[in-house]
Amino acid sequence: MLQITNRTTIPISEISISAIRSQGAGGQNVNKVATAIHLRFHINASSLSPLYKERLLNLGDQRITKDGIIVIKAQQHRTQEQNKEDALNRLQTLIKSITITPAKRKPTKPTGRVKNKRIDSKTKRGEIKALRGKITE
C-alpha cells in the first residue's frame with residue numbers, strides 16, 4: 001500500500017513497475033543491468049476517489065498522458081531498489097499535491113476612509129476644472 005493521506009491509500013497492485021536500462025554514461029554495467037524504473041499508474045482504473053481522479057486528469061502535468069496514465073521514469077540512483085523508492089515517492093508527491101484544496105479567496109472591500117478620500121479627490125479635481133473653465137472665459 002502506498003499511503004497518500006490518512007484516509008487515502010493506493011494498493012501496489014494498481015501500480016505497474018518495470019525495470020529498464022538507464023540512460024547516460026555507464027561503466028562496467030552499461031547496457032547490461034536494468035537499474036532504471038518505469039512506473040505506470042492508470043488514473044481511471046484506480047481506486048482513488050472521483051474528485052482526485054478529476055483533479056489529476058485536469059492537472060497540466062507532462063507526466064500524465066491523454067489516456068489518463070501517469071508515467072514516471074526514475075534513473076537517478078545506481079540501484080534498482082533506490083530508483084523504485086524514488087519513483088513511488090514521486091507518484092505519492094504528485095497525488096498529494098492535488099489533495100490540498102486551495103482556500104477560497106475572499107474579495108476585500110475598500111475601507112470607509114479610502115472611499116471618502118477618493119470622493120474628496122474627485123470633488124477637488126472637479127472644483128479645479130470648474131475654476132479653470134471660469135478663468136479662460
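Which residues touch the most other members of the largest nonpolar core? Keep that in mind as you go through these close-ups of a predicted model.

**View 1. The largest nonpolar core and its best-connected members.** This core has 21 residues, and the ones touching the most other members are Ile10, Ile15, Phe41, Leu56, Ile70, Leu91 and Ile95. At least two core residues come from each of β4 (36–42), α1 (50–58), β5 (69–74) and α2 (80–99). The top contributor is α2, which gives six residues.

**View 2. Phe41 and its contacts.** Skip the neighbours within four places in sequence, and Phe41 still has plenty to show: it is in contact with Ile10, Glu14, Ile15, Ser46, Leu48, Gly68, Ile69, Ile70, Leu91 and Ile95.

**View 3. Ile10, a residue of strand β2.** That strand covers residues 9–10. Is Ile10 buried or exposed? Ile10 counts as buried because its relative accessibility is 0%, and the cut-off for buried is under 20%. Again leaving out neighbours within four places in sequence, Ile10 is in contact with Met1, Leu2, Ile4, Ile15, Phe41, Leu48 and Ile95. Now look for Arg21: it sits 11 residues from Ile10 in sequence, and their C-alpha atoms are 27 Å apart in space.

**View 4. Strand β4 with β3 and β5.** Six bridges link β4 to strand β3 (residues 15–20), and the pairing is antiparallel. Here you can spot Ala19 opposite Ile37 of β4. With β5, too, β4 runs antiparallel, joined by six bridges. One pair to find there is His42 and its bridge partner in β5, Ile69.

Conventions: Residues are numbered from 1 along each chain as its sequence is written. This is a predicted model: local features need pLDDT of at least 70, side-chain atom pairs count only at pLDDT 80 or more; totals for chains, interfaces and linings use all residues. Side-chain values use heavy atoms; hydrogens and water are left out. A nonpolar core is a set of buried Ala, Val, Leu, Ile, Met, Phe, Trp, Tyr and Cys residues joined through side-chain atoms within 4.5 Å. Buried means under 20% relative accessible area, exposed over 50%, partly exposed in between (1.4 Å probe, protein chains only). Helices (H or I, at least four residues) and strands (E, at least two) are DSSP runs, numbered from the N terminus. Contact means heavy atoms within 4.5 Å. Two strands pair if DSSP finds at least two bridges between them.
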